[in-house]
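I opened the structure today to see how its parts fit together. My notes follow in the order I looked things up.

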Amino acid sequence: MLMTQMKSKETLESLIGGKVFIINCHGCKEVGFPEEEAAAFQKELQDKGVVTGILTTDYVCNPENLELRLSYQKDKIDAADMILLFSCGVGVQTLSAFLPNKKVYAACDTYALPGFQGVTPLEHDCKQCGECFLNITGGICPLTACSKSLVNGQCGGAKAGKCEVDPDMECGWERIYRRLAQVGRLDMLKCPVQVRNYATDDEVNK
């Protein structure tokens with residue numbers, strides 16, 4: 001089980017640049033979703049005239065369902081400069097892979113809760129660390145895409161694009177670099193070294 005908590009208003013406002021399309025994922029709403037807080041923030045953005053559309057759906061992590069829902073919103077998505085997604089980290093990664101040429105930003109942090117994690121077949125994994133890095137890594141989680149869970153860049157041990165720990169695994173940071181280049185955000189690699197706040201990581205603190 002998991003819980004999503006909206007990032008600070010200041011953090012979200014710093015992401016907004018141009019027109020935005022908003023997606024709310026209510027697939028795990030019964031577990032924990034900041035619905036009222038998210039609705040209030042989205043209303044503020046609408047009042048500013050920067051929202052091209054809002055889609056509320058369930059299980060963004062299901063690619064087939066996602067493709068169908070997005071097909072009805074294509075014009076509004078094309079008109080947006082970015083997508084702001086209120087979901088867990090799996091949803092953000094799924095959407096980022098589905099829209100490789102569009103900036104996709106996570107509006108929430110994801111926290112783990114005890115219990116069963118659901119039945120949706122997932123292509124991506126979320127560490128549920130409570131401190132989502134997806135907005136600075138192009139929608140690819142460095143904690144799960146990198147065998148060493150590095151958050152400050154490549155270790156230097158990759159060979160021919162493959163991880164030195166698992167030769168069958170593509171280097172997560174090379175994937176992140178290509179993704180940032182694709183959406184014109186290589187400037188994100190100039191951010192200060194990210195230091196993880198392990199106090200938010202449920203897995204570490206078990």
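**Helix packing.** I began with helix 3 and helix 5, in what is a predicted model. Their axes lie 11 Å apart and the packing angle is about 60°. That angle makes helix 3 oblique to helix 5. I looked up the hand of the crossing too: helix 3 and helix 5 cross right-handed. Next I listed who makes the contact. Helix 3 brings Pro63, Leu66, Glu67 and Leu70, and helix 5 brings Thr94, Leu95 and Phe98.

**Cores.** I then turned to the nonpolar cores. Which residues of the largest core touch the most other members? I found Phe21, Ile23, Val60, Leu70, Ile83 and Leu95, out of 23 residues in that core. At least two residues each come from strand 2 (20-25), helix 3, strand 4 (82-86), helix 5 (89-98) and strand 5 (103-106). Strand 2 gives the largest share, three residues. I also noted a second, separate core of 17 residues, with Leu45, Val50, Val51 and Cys108 among them.

I picked Ile83 for a closer look. Beyond residues up to four places away in sequence, Ile83 touches a list that includes Phe21, Ile23, Leu95, Leu99, Val104 and Tyr105. Two lysines, Lys102 and Lys103, are also on that list.

**The four-stranded sheet.** I traced the strand order as 3-2-4-5, in an open sheet with parallel pairing. Strand 3 (51-57) and strand 5 are the edges; each has a single partner strand, so one side of each lacks a neighbour in the sheet. On average, neighbouring strands are turned by 20° against each other, direction ignored. I checked one pair in detail. Strand 4 and strand 5 run parallel and are joined by four bridges. There, Met82 has Lys103 of strand 5 as its bridge partner. I also saw helix 2 (residues 35-47) lying across strand 2, strand 3 and strand 4, at about 160° to strand 4.

**Strand 1.** Strand 1 pairs elsewhere. It runs antiparallel to strand 6 (residues 108-112), with five bridges between them. Met3 is bridged to Tyr111 of strand 6. Which side chains of strand 1 (residues 2-6) are buried? I found Leu2, Thr4 and Met6 buried on one face, while Met3 and Gln5 point to the other face and are not buried.

**Gln73.** My last stop was a loop. Gln73 sits between helix 3 (63-71) and helix 4 (74-78). Is Gln73 buried or exposed? Its relative accessibility is 15%, so Gln73 counts as buried. Apart from neighbours within four places in sequence, Gln73 contacts Phe21 and Leu55.

Terms used:
Residues are numbered from 1 along each chain as its sequence is written. This is a predicted model: local features need pLDDT of at least 70, side-chain atom pairs count only at pLDDT 80 or more; totals for chains, interfaces and linings use all residues. Side-chain values use heavy atoms; hydrogens and water are left out. Buried means under 20% relative accessible area, exposed over 50%, partly exposed in between (1.4 Å probe, protein chains only). Contact means heavy atoms within 4.5 Å. Two strands pair if DSSP finds at least two bridges between them. A nonpolar core is a set of buried Ala, Val, Leu, Ile, Met, Phe, Trp, Tyr and Cys residues joined through side-chain atoms within 4.5 Å. Axes are lines fitted to C-alpha atoms, for helices over the stretch in contact, and angles run from 0 to 180 degrees between N-to-C directions. Angles under 35 degrees count as roughly parallel, over 145 as roughly antiparallel, 65 to 115 as roughly perpendicular and the rest as oblique. A crossing is left-handed if the near helix is turned anticlockwise from the far one by less than a right angle, and right-handed if clockwise.
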